[in-house]
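Reader: I have a structure open and would like to go through it piece by piece. Can you take my questions as they come?

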2 protein chains.
Amino acid sequence: VVVAVDANGADLGPAEVAAGAGLASAAGVKVLLFGPAAELPEPPPGVELVDAPVSIAKHDDPARAVRTTPEASIVQAARAVADGRAQALVCAGGTGAALAAGLFNVKRAPGIYRPALALPLPVPGRGGAPVTLIDVGANVETRPEHLVQFAFMGGAFAQAVLGLARPRVALLSNGAEAQRGGPLLSAARAELELALATAGTGATIELVANVEGNNLLDGAVDVVVTDGFTGNVALKLIEGVSSTTLASIREAAMASPRARLGGLLLRPALRAFRDAVDPEAQGGAYLLGLRALAVVPHGRFRRGGFARAIVRAGDGVTEDVASRTQAQLERAGVLRRVPSASRFERSGAGAR
Amino acid sequence: VVVAVDANGADLGPAEVAAGAGLASAAGVKVLLFGPAAELPEPPPGVELVDAPVSIAKHDDPARAVRTTPEASIVQAARAVADGRAQALVCAGGTGAALAAGLFNVKRAPGIYRPALALPLPVPGRGGAPVTLIDVGANVETRPEHLVQFAFMGGAFAQAVLGLARPRVALLSNGAEAQRGGPLLSAARAELELALATAGTGATIELVANVEGNNLLDGAVDVVVTDGFTGNVALKLIEGVSSTTLASIREAAMASPRARLGGLLLRPALRAFRDAVDPEAQGGAYLLGLRALAVVPHGRFRRGGFARAIVRAGDGVTEDVASRTQAQLERAGVLRRVPSASRFERSGAGAR
């Protein structure tokens, strides 16, 4: 297994990504690393460094930057996957760049309407198993058939990469009743039920009742499906509320000498909680629906998070998440029938 | 000032609402209380009890229940507002019932497309000033002109009822840049900018950059505008994440004798934090865009929360939130021009 890694885009610089690549290669994953050779140390065995100093990580318009900058490290890394020199992609330079580079080079998997971003959210009290939210931002506007595919894509990911036997999948709604949520959700739910009936005993996901915001993290569901607008708002809200709450508690623990002592005594236990919900342990966001798996660790990650992203990308290759997704979508009869978009992309006329 | 209060629908029963009405009347607000006289004690001075034992609070289809149950306490309370016997409505029997009873009896204010639910969210570190999220569930699907009106409705509410001089209003989006969020948000933003330019120096709200989920509660914005689907998901997510985080910390504080002692010492400081974010202190959700203000305290509230809802409803009357909203919408040129929906409602043919 070889994973193509873009070293540019991390807050701590390319050397931190390279250090993560070293850790991942020690764990058995070969890495093809694209980054500025002048800024990086001699790579360890298992990591091959390709000099690619040009970064488009901070570009305003990633789609344009990808088209006009073939020498960019992310574009080179994506081409390595397209050429078969690597089987998965890891990029810390932002989801926009990863999505654009993936669409133009790795290409959409056959029959997939839209790639989607899946984020495994660490949740306390599930024995370490995260809840996967899909889509968290690749598609602001969605049609019912997109949500149906997201459900299977998220399910196959949770199965192949997170190791859940038969993921419980739910749509995110404003009420548990099926008729809430408007026509988009009603249509998506009806199509999903039909697809699962079509798949019959071969169905590898279980569709459960719609979840509301307050149930999203309570552990009863493994994959939560939503459009990229709502998913993005939800994801950032989760980050914001938990950090606001923790900051308020930290402040409360400074309010008096008594509270300060309490905070000090509580600290090791709180650290265990913080570790349990550490986003770096999940490797980042996963771009699903391309011909190969792409992982987008957050730019603020440290080497451990980048290593996890690379190892998880390797797991996706070993477990063949792309073909499994494809097979499950086919069995359920929800692949796109007219492959016009794929032809369009192959012509290079500009996808999305 | 007289506030019509539906006593049915509270988890703790009508007597708890009646106790809240007593507290509110002691604070100077007259109450017309609709509830089961047989279950309620003799009301204190300032509270007039009207026997209305029929409740539709737990009904599946509130719109139908409102139409077919004229004797229901919520319908009688809404009629009292329509007749001028009271000037505002308070109902703990759910937002669906309040919305339906309000639409059929109190009616939409002239030129308003859709009533919306506003929720003042208690936020630590703003000196007690909440952040108002609108819409949190009255309208699953919205058009740009609805969001524009919600912005002014939320602004007028924050000004008249919460006492903010010139509320800062933002659209909730998946990115701070104006072009993110898709066509609905772009159009709403353009219309809002035009409306504020039309209002000129008379504009009573300030439009600031779009907020993302993680900035929603950081205190830089007073009113956050979104569609009822996203708003409802967001609201429940905030509740879910903060209670999950607090529960995890409580659990961490049981992990060892040392942590237990720490938790014990920290408890008073944490109680202050819990009080600062107590939803009962905000009175509940506010239904804006009717001819009178309606407040929907949560069914699980205790008497203090119901009293706050009634007092806030009274403030809305004193500060004339309905006319002020109207005047601001008119000045900005964003009132609905063809009043067909209002005629439709007056004919009783079934609004919404």
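What follows is a question-and-answer walk through the sheet, a few helices, the two copies and some backbone oddities.

Reader: Before anything else, what kind of model is this?

Author: This is a predicted model.

Reader: Fine. In what order do the strands of the open sheet in chain A run?

Author: The order is β3-β2-β1-β4-β11-β10-β5-β6-β9-β7-β8 in chain A. That makes an open sheet of eleven strands, and the pairing is mixed.

Reader: Which strands stand at the edges?

Author: β3 (47-51) and β8 (206-207) of chain A do. Each has a single partner strand, so one side of each is left without a neighbour in the sheet.

Reader: What packs on that sheet?

Author: Take strand β7 (residues 168-171) of chain A before that: β7(A) pairs in the parallel sense with strand β9 (residues 223-225) of chain A, over three bridges. In that pair, A:L171 stands opposite A:V225. As for packing, α9(A) sits on the sheet and touches β1, β2, β4 (88-91), β10 (285-288) and β11 (294-296) of chain A. The direction of α9(A) makes about 160° with that of β4(A).

Reader: And helix α1 of chain A, which strands does it lie across?

Author: Helix α1 (residues 14-26) of chain A lies across β1 (2-6), β2 (30-35) and β3 of chain A. Relative to β2(A), α1(A) runs at about 170°.

Reader: Over to chain B. Is strand β1 mostly covered or uncovered?

Author: Mostly covered: β1(B), residues 2-6, has four of its five residues buried.

Reader: Which strands does β1(B) pair with?

Author: One partner is strand β2 (residues 30-35) of chain B, in the parallel sense over five bridges. There, B:V3 stands opposite B:V31. Another is strand β4 (residues 88-91) of chain B, also in the parallel sense, over four bridges. On that side the bridge partner of B:D6 is B:C91.

Reader: What unit do β1(B) and β2(B) make with helix α1?

Author: With helix α1 (residues 14-26) of chain B, they make a right-handed β-α-β unit.

Reader: What about the other end, around β7(B)?

Author: Strand β7 (residues 168-171) of chain B pairs in the parallel sense with strand β8 (residues 206-207) of chain B over two bridges, with B:R168 opposite B:E206. Between those strands the chain crosses through helix α6 (residues 182-199) of chain B, and this β-α-β crossover is right-handed. β7(B) is also joined by three bridges to strand β9 (residues 223-225) of chain B, and the two run parallel. B:L171 stands opposite B:V225 there.

Reader: Change of topic. Which residues of α10 in chain A are buried?

Author: In helix α10 (residues 321-331) of chain A, the buried residues are A:V321, A:T325, A:Q326, A:Q328 and A:L329. Down the axis of α10(A) they fall within an arc of 165°, so they line one face of the helix.

Reader: What do they pack against?

Author: Against α5 (144-160) and α9 (303-318) of chain A. α10(A) is followed by A:G333, which has a positive phi near 70°.

Reader: How are the two copies related?

Author: A rotation of 180° with 0.0 Å of shift along its axis superposes chain A on chain B, with an RMSD of 0.0 Å. The copies are thus related as by a two-fold rotation axis. In chain A, the C-alpha nearest the axis belongs to A:G262, at 1.9 Å. Both copies use the same surface, as 100% of the contact residues of chain A recur in chain B.

Reader: Where is A:G175, and what is it in contact with?

Author: A:G175 is in the loop between β7 and α6 (182-199) of chain A. A:G175 is buried, at 2% relative accessible area. Setting aside neighbours within four places in sequence, A:G175 is in contact with A:R180, A:N210, A:E212 and, from the other chain, B:K236.

Reader: Last one. Where is the backbone unusual?

Author: Most residues other than glycine have a negative phi, and most peptide bonds are trans. The bond from A:I134 to A:D135 is cis, with omega near 10°, and the one from B:I134 to B:D135 is cis with omega near 5°. A:D135 lies in the loop between β6 (131-134) and α5 of chain A. A:K107 is not a glycine, but has a positive phi of about 75°. A:K107 is in the loop between α4 (95-106) and β5 (116-121) of chain A.

Reader: Is A:K107 buried or exposed?

Author: Buried, with a relative accessible area of 19%; the cut-off for buried is under 20%.

Note on methods. Residues are numbered from 1 along each chain as its sequence is written. Chains are lettered from A and ligands numbered from 1 in the order in which they are written. This is a predicted model: local features need pLDDT of at least 70, side-chain atom pairs count only at pLDDT 80 or more; totals for chains, interfaces and linings use all residues. Side-chain values use heavy atoms; hydrogens and water are left out. Buried means under 20% relative accessible area, exposed over 50%, partly exposed in between (1.4 Å probe, protein chains only). Two strands pair if DSSP finds at least two bridges between them. A crossover is right-handed if, with the strands pointing away from the viewer, the path from the first strand over the helix to the second runs clockwise. The arc is that of the directions from the helix axis to the C-beta atoms. Contact means heavy atoms within 4.5 Å. Axes are lines fitted to C-alpha atoms, for helices over the stretch in contact, and angles run from 0 to 180 degrees between N-to-C directions. Copies are superposed by least squares on the C-alpha atoms of residues with pLDDT of at least 70 in both.
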